[in-house]
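Subject: The structure we talked about

Hello,

Here is the structure I promised to pass on to you. Please open it next to this message, and then read on for what turned up in it.

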Amino acid sequence: MTVIKNIYCVGRNYALHAQELNNAVPDAPMFFFKPTHAVVWTDGKTVTLPGHQGSVHYEAEWVIHIGSDFTPGAAADDLIDSMALGIDFTLRDVQSVLKKKGYPWLAAKGFLHSAVLTPFTDFPGIKACTKADFSLEINGHERQRGNIGQMIFDPQALIDYCGTHYGLGAGDIIFTGTPAGVGQVADGDQFDLKWGDVSLGAFRAALEK
Ligand code: ZN
């Protein structure tokens with residue numbers, strides 16, 4: 001099983017997604033954290049989510065796993081040792097209140113099972129990764145599609161910023177932001193995360209009342 005240390009996430013890294021939530025595009029990468037306890041793997045089991053705190057939104061994201069410690073000038077292609085797809089589940093109504101109050105996002109982004117991950121797979125290099133789209137299907141219908149070439153801050157920029165300001169080492173992962181098309185989870189929704197035409201992981205969501 002892949003060892004996971006810090007879970008960094010990036011907000012507003014695709015212009016169309018920033019627009020759909022009426023957020024300004026940031027001039028530096030906007031990082032936030034999830035506890036490692038938030039992780040749940042897509043192994044076919046049901047993922048339970050809090051259904052009693054307003055809307056739960058899905059955000060499908062490309063996730064990179066760091067294989068060695070960051071040093072200034074290190075190439076992203078060398079530091080990343082594997083990749084996965086994930087869902088950054090978000091309590092959107094809770095987040096709106098936190099944003100208004102200027103509070104941290106933990107309650108909206110860091111709850112149990114809020115970081116769903118497919119198994120990590122071979123990383124062929126950033127350039128090769130731009131040749132395929134990633135997508136999210138829910139109940140057999142495509143809801144999100146993105147390409148890492150559309151990121152506002154590319155993987156090198158994310159790694160440089162994160163490594164310089166917060167530190168980045170072997171075992172850390174980064175949720176690199178979600179493309180447009182986020183929306184609300186319904187109880188029983190069947191999720192399928194795809195890289196190109198290949199499913200990397202699927203699961204069912206249950207909203208706990
Ligand atoms: Zn996200």
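Let me start with one ring: phenylalanine 33 has a relative accessible area of 45%, so this residue is partly exposed. Please keep in mind throughout that this is a predicted model.

What does phenylalanine 33 pair with? Its partner is tyrosine 8, and the two rings are stacked, with 5.1 Å from centre to centre and 15° between the planes. Tyrosine 8 belongs to strand E1 (residues 7-11) and phenylalanine 33 to strand E2 (residues 30-34), so the pair ties together parts that are 25 residues apart in sequence. Unlike its partly exposed partner, tyrosine 8 counts as buried, because its relative accessibility is 5% and the cut-off for buried is under 20%.

A second stacked pair is made by phenylalanine 191 and phenylalanine 203: their ring centres are 4.8 Å apart and their planes meet at 5°, so the pair counts as stacked. Phenylalanine 191 sits in strand E15 (residues 190-195) and phenylalanine 203 in strand E16 (residues 198-208), so this pair ties together parts 12 residues apart in sequence. Both phenylalanine 191 and phenylalanine 203 are buried.

In total, the structure holds 14 aromatic pairs. Ring pairs also link a cluster made up of Tyr8, Phe31, Phe33, Tyr161 and Tyr166, so you will meet the two rings of the E1 and E2 pair there again.

Now for the chain as a whole.

The protein chain has six helices and 16 strands. For 209 residues, a compact globule would have a radius of gyration near 17 Å, and the value of 16 Å for this chain agrees with that. Along the principal axes, the C-alpha atoms fill a box of roughly 50 × 40 × 30 Å. Of the 209 residues, 55% count as buried. If you look at contacts between residues at least 6 apart in sequence, 76% of them join residues at least 24 apart.

The surface and the charges may interest you too. The accessible surface comes to about 9300 Å², and carbon and sulfur atoms account for 52% of that. There are 16 positive and 23 negative side chains, and the centres of these two sets lie 7 Å apart.

Some single residues are worth a look while you have the model open.

Threonine 2 lies in the segment before E1 and is partly exposed, because its relative accessibility is 26%. Which residues does threonine 2 touch, not counting those up to four places away in sequence? They are Trp41, His65 and Phe120. The C-alpha atoms of threonine 2 and glycine 171 are 8.0 Å apart in space, although 169 residues separate the two in sequence.

Alanine 84 is in strand E7 (residues 80-88). Is alanine 84 buried or exposed? With a relative accessible area of 0%, alanine 84 is buried. Its contacts, leaving out residues up to four places away in sequence, are Glu61, Trp62, Val63, Thr118, Pro119 and Phe120. Phe120 is thus a name you will recognise from the contacts of threonine 2. Glycine 201 is 117 residues from alanine 84 along the chain, and their C-alpha atoms are separated by 9.2 Å.

Glycine 163 is part of helix H6 (residues 155-165) and counts as buried, because its relative accessibility is 12%. Beyond its neighbours within four places in sequence, glycine 163 is in contact with Phe70 and Leu168. The C-alpha atoms of glycine 163 and aspartate 69 are 8.8 Å apart, with these positions 94 residues apart along the chain.

Finally, two backbone angles caught my eye. Histidine 113 has a positive phi of about 70° although it is not a glycine. This histidine 113 is in the loop between helix H4 (106-109) and strand E9 (115-117), and its relative accessibility of 25% makes it partly exposed. Asparagine 139, also not a glycine, has a positive phi near 50°. Asparagine 139 lies in the loop between strand E11 (134-138) and strand E12 (141-146), and at 41% relative accessibility it counts as partly exposed.

Happy to go through any of this with you.

Best wishes

Notes: Residues numbered from 1 in each chain as written. Predicted model: local features only at pLDDT ≥ 70, side-chain atom pairs only at ≥ 80, totals over all residues. Heavy atoms only, no water. Helix = DSSP H or I, 4+ residues; strand = E, 2+ residues; numbered from the N terminus. Rg over C-alpha atoms; globule rule 2.2 N^0.38 Å. Buried < 20%, exposed > 50% of the residue type's maximum accessible area, 1.4 Å probe, protein only. Contact = heavy atoms within 4.5 Å. Areas by Shrake-Rupley, 256 points an atom, 1.4 Å probe, with all protein chains shown as cover. Lys, Arg positive; Asp, Glu negative; His and termini not counted. Charge placed at Lys NZ, Arg CZ, Asp CG, Glu CD. Phe/Tyr/Trp six-rings, centres within 6.5 Å; stacked < 30°, edge-to-face > 60°.
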